[in-house]
Every structure is written in C-alpha cells, then in structure tokens.
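Thanks, everyone, for making the time this morning. I would like to walk through one chain with you, beginning with its charges and ending with a single hairpin.

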Amino acid sequence: MAAAPSILFIGDVVGSTGRKALRAALPGLREEHQPTFIVVNGENAAGGTGITSRIAEEMFALGVDAITLGNHAFRQRESWSYLDEVKEIVRPANYLASMPGHGSCVVETGGVKLGVLNLMGNLYLDPGRHMFTLAEAEIEKLERQGCDHILVDVHAEATSEKVAMGWEYDGRVTAVVGTHTHVPTADARVLPKGTAYITDVGMCGPRDSVIGVRKELAIQSMRTKLPVRFESATGDPWLCAVLVRTEEGRKRRAGSITPIQVSPRVE
Ligand code: FE2
C-alpha cells in the first residue's frame with residue numbers, strides 16, 4: 001500500500017543565499033523524505049523582498065508544487081502579471097481583491113489534491129482585509145474543490161494570531177504553518193482534532209544575519225534610528241522546513257509534523 005501523502009513545507013527563502021541553499025538541499029530532502037508535495041514560501045526570494053517570475057520558475061523547475069508569499073508579495077512589479085497568470089503561486093488571500101494574484105490554489109499529484117491557502121496576519125502588517133473573516137470562505141472554496149488535504153500558510157508577525165488560526169481550523173485542514181519571522185519555533189505538533197501546526201517554520205537563508213539582513217546594517221538601523229538600505233546577508237545558510245505526514249485514510253488530517261533543519265553547503 002502506498003504511504004499516506006506528505007507535504008514538505010519550506011520556510012521563507014531569503015535572497016540569493018536562500019535560493020542556493022534550496023537548490024543544494026532539495027534533491028537530498030526529496031530523496032530522504034519522498035514528499036508527495038513541496039510547498040515553499042518565496043516572499044523574500046528576490047534580494048530579500050518579493051519574487052520575480054524567473055525566480056518562481058526556477059523553484060518550479062526544482063520540483064516545487066506551489067509557492068506562497070506574504071507582505072513583500074508585490075515588491076517586484078515585474079511579477080504582478082505572473083501572479084495573475086500562474087495558478088500555483090499564491091499571495092495572501094486577505095489582500096484587497098483588486099490587487100494582483102490570488103490567495104489559494106489546488107495542486108494535484110498522483111490523484112491527490114492539495115489545496116494551498118496563504119493568509120496574512122493583521123497585527124503589524126497591512127493586508128487590507130481581515131484574516132479571520134476571509135479564511136472561512138477560502139477554506140470552504142477549497143473543500144468544495146474536493147481537496148484531499150489543505151495547507152494554510154499564515155504569514156504573520158504576531159505569534160498569537162498564528163496560534164489562534166491553528167485552533168480555529170483544527171480538524172478542518174491538514175496543516176496550519178506560520179511564516180514571516182524567519183526564526184523556527186519549537187511548538188510543532190498535531191493539534192487534538194488532527195491539524196498539524198507550527199507557529200513559525202523558520203527561513204531558508206543566511207543564519208549569519210538578523211533574520212536574513214546583513215547584521216551590521218540591521219544593528220546600525222537599530223542603534224541610530226536613521227534610514228539604512230538593507231542588503232541580504234550571505235553567510236551560514238540553513239534551510240528550515242516541516243514535513244507533514246497526513247493521516248492514513250483520512251482527508252484533511254495530519255498524522256505527524258516533523259521540523260527539519262539542514263545546513264547545505266553553497267559556494
Ligand atoms: Fe514576511
């Protein structure tokens with residue numbers, strides 16, 4: 001009997017170092033874990049802010065099934081039409097409907113349908129619409145589309161909003177995974193009704209940094225309170241991810257969630 005479907009979700013890919021780390025680590029992760037689906041948050045992939053169509057295509061060519069975004073979704077103007085055209089890249093659903101792109105998609109492998117929903121928190125971020133009120137309609141839409149599993153990427157600053165979203169959809173979706181803070185949290189678990197949850201997966205990018213930014217520049221900004229042009233750091237890359245194994249024979253429920261952290265060699 002085939003193993004229950006699994007989802008490898010990789011946290012925010014930051015800059016060229018994050019992209020190199022993804023490229024270096026993904027073949028080994030695929031070999032070792034044989035995930036049915038690979039989903040990547042790519043919202044910091046282009047120099048730390050946003051994603052370009054070329055970078056997204058590179059990720060898809062590596063075997064990524066879907067890309068989620070966040071507060072930098074629209075920073076690369078070139079990508080706006082790409083966000084409209086390509087189904088498998090999603091930006092937070094609770095941005096304004098008038099903004100480019102869409103908030104959810106369905107991808108299919110071997111007859112298994114995975115719905116991917118991207119949401120953005122309202123505390124300290126400005127998506128335009130409320131996350132909790134938008135989430136229900138989006139999840140209902142994915143249920144109507146016959147998704148065997150649903151993964152929700154909650155891109156948020158506040159741990160409280162992510163924790164609350166996990167409880168809100170426990171038993172409705174396969175996984176609620178948090179992104180944006182770039183620091184992995186130690187709370188991965190399957191909630192009582194069967195939803196895999198983690199407050200933040202962490203990033204795929206340079207650890208020798210302040211959440212991806214060259215640390216000298218981040219410190220200078222904090223010390224002086226003057227404007228500083230941030231640059232992505234390059235040292236000591238790591239890739240943070242979670243592997244969600246779905247529960248055998250049950251739709252939209254997880255059997256386990258396992259954090260993964262690797263330090264790939266990049267040139
Ligand atoms: Fe972010």
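If we take the charged side chains first, this predicted model carries 29 positive and 32 negative ones, and the centres of these two sets lie 2 Å apart. The accessible surface on which we might look for them comes to about 11,500 Å² for the chain, and 51% of that surface belongs to carbon and sulfur atoms.

Let me turn to the overall dimensions. The C-alpha trace spans about 55 × 40 × 35 Å along its principal axes. For a chain of 267 residues, a compact globule would be expected to have a radius of gyration near 18 Å, and because the chain has 17 Å, the two agree. Of the 267 residues, 56% are buried. As for how the chain contacts itself, if we consider contacts between residues at least 6 apart in sequence, 65% of them join residues that are at least 24 apart.

In secondary structure, the chain comes to six helices and 13 strands, and I would like to pick out one pair of those strands. Strand β5, residues 104-109, and strand β6, residues 112-120, run antiparallel and are joined by six bridges. One residue pair to find on your screens is Glu108 with its bridge partner in β6, Lys113.

Which residue takes a positive phi in the hairpin of β5 and β6? That is Gly110, with a phi near 55 degrees, in a hairpin that has two residues between its strands.

Terms used. Residues are numbered from 1 along each chain as its sequence is written. This is a predicted model: local features need pLDDT of at least 70, side-chain atom pairs count only at pLDDT 80 or more; totals for chains, interfaces and linings use all residues. Side-chain values use heavy atoms; hydrogens and water are left out. Helices (H or I, at least four residues) and strands (E, at least two) are DSSP runs, numbered from the N terminus. The radius of gyration is taken over C-alpha atoms; the globule rule is 2.2 Å times the number of residues to the power 0.38. Buried means under 20% relative accessible area, exposed over 50%, partly exposed in between (1.4 Å probe, protein chains only). Contact means heavy atoms within 4.5 Å. Accessible areas come from the Shrake-Rupley method with a 1.4 Å probe; for residues, only the protein chains shown count as cover. Lys and Arg count as positive and Asp and Glu as negative; His and the chain ends are not counted. The place of a charge is taken as NZ of Lys, CZ of Arg, CG of Asp or CD of Glu. Two strands pair if DSSP finds at least two bridges between them.
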